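Trainee: Could you take me through the salt bridges in this protein, with a close look at one part of the chain and what it pairs with?

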Amino acid sequence: MDDSNSLEDDVDSLDVKSTPSSETFELKKKIGIWRGVSIIAGVMVGSGIFVSPVGVLEGTNGSVGLSLVLWIACGLFSGLAALCYAELGTTIVESGGEFAYMNAAYGGSIAFAFSASYVFILYSTGNAAKAVVLGTYIATPFYEGDCAPPVVVVKCSAAAVVLIVTLVNYVSVRAAARVQVVFTAAKFIGLAAIIIGGLTRLGMGDPIGISNFKNAFDKETMAGITASQIGLAFYQGLFSYDGWANLNRVTEEVKDPNKTLPRCIIIAVTGVTVFYVLVNVAYFSVLTPREILSSKAVAITFGDRVFGAFSWTMPLVVCLSIFGSLNGSCLVSARIGFAAARRRHLPQIFSMIHVDHLTPGPAILLVNVFVLILLIPGDFDSLLNAMSFTSWIFYGLGSAGVLVLRKTRPDLPRPYKVPLVIPVIVTIFAIYLTVAPMIDSPDFAWLYGGIFLLCTPLFYYPLVYKNIRVPGMDSITIFLQKFLNVSPTDWEDTLAIDSSKED
């Protein structure tokens, strides 16, 4: 999708503001260590730990002790994968995360498959699902008794939330980062309240908690557990930790990324692991495994039993948690579309940033327009299921990229290096996590996800590799540039990847 000289001349002639000649026109570094931690932890901690942390418990036949061991193991494995990304992020200091790493390690076709999957399906379906849950929580208090809010009201509430998140991220990176810090703090305060409440009840001798931990590794409960069950439980736990790669997607906006990125990853992943384990300990201090498995919202059931008149705080914490996750996802995910467009994998307009706000406005609008579109039919669960298995395909490719780049680009500076055994372990486990669910619980929807991935070269070859121009695209780009008040950045490919690698 390269643009002609005439388009570049038209772009240069536009009457837009520019930064002083002494400055480059680019995304600004406004994310420090605590904002970075809040971006990672704020997206990792969504509604799952509050609403339905049952996947791990169900996979262990209700074994309290084994489920806690798996929560710890999932945190450790997520930490290992995150360390691989810390090396990649300090070696390839580009926004876009996996897109930039796969483009450098494997070439443009694999990077194109990732960006297409993430921008058009994974992000939009995931955030649409979160927005609907939040819309339900917002609308329900306005309807009495057991009367559920109308679907149209829930969808309008969800759309309003998406528009607010879009506006905040469009106007200012700093404002979006501040919002993320506030809402991350709120959700960790909620987690802390659960931990304190549960441990207090355990210390007071709650019989349920004492029984749960006395029989934590009950042999009868664990006797029927199979290896495939453990694998699926591990898979479910990792979904709750998903989000550790988010700061890598905004690397160009991180202050001193060579130091800040690894520190943020270590602090955030360690902190979330500790909180997740302690929250589960708190749940088991008050609720039986059967009550947890049957509850539609574990934190709310816990709050009704522990907090009494203040149980209303749990639904509020869930809402704050979901909003923070939506905001964090928007902040980082738009950079994938931005990075893809910068390498001509998407139309040029999405590689531009707002002249005044210095945010990737068009890319932010792109990803959230798809979220709003999916809210209309509301049938996005099957689409999300069809593509969810691809997450660990791309995580595995990213981790293996550490090994590939060590071999093919030994000249690149590596301020942070992981022992080679770590990416090897992560890659092997990523293959297992991709294949195991297909064997143990095959879902026909995954076939559609596989077909989508296999079809991406049909678009990559003519539009990117052969650079076939879409008629009228130049005029559309110029119109949108004027309308949105955006301009191309002063970006140079610091990796200087050989064009043959783009094949």
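Mentor: In this predicted model, a good place to begin is the salt bridge in which the side chains of Arg249 and Glu98 meet, with 2.8 Å from N to O. This pair links distant parts of the chain, since Arg249 lies in the loop between helix H12 (227-241) and helix H13 (257-286), whereas Glu98 belongs to helix H6 (residues 98-105), 151 residues apart. Arg249 counts as buried because its relative accessibility is 4%, under the 20% cut-off, and Glu98 counts as buried because its value is 1%.

The loop between H12 and H13 also holds Glu252, which is 90 residues apart from its partner Arg342 in helix H16 (residues 313-342). In that salt bridge the closest N and O atoms of Arg342 and Glu252 are 2.5 Å apart, and both residues are buried.

Glu253, in the loop between H12 and H13, is likewise linked to helix H16, here through Arg335, 82 residues apart. The closest N and O atoms of this salt bridge between Glu253 and Arg335 are 2.8 Å apart, and Glu253 and Arg335 are both buried.

To place these pairs in the wider picture, the protein has ten salt bridges, and Glu87, Arg406 and Arg414 are linked in a network of them. The protein as a whole has 22 helices and two strands, and buried residues make up 54% of its 503 residues.

Methods
Residues are numbered from 1 along each chain as its sequence is written. This is a predicted model: local features need pLDDT of at least 70, side-chain atom pairs count only at pLDDT 80 or more; totals for chains, interfaces and linings use all residues. Side-chain values use heavy atoms; hydrogens and water are left out. Helices (H or I, at least four residues) and strands (E, at least two) are DSSP runs, numbered from the N terminus. Buried means under 20% relative accessible area, exposed over 50%, partly exposed in between (1.4 Å probe, protein chains only). A salt bridge is a side-chain nitrogen of Lys or Arg within 4 Å of a carboxyl oxygen of Asp or Glu.
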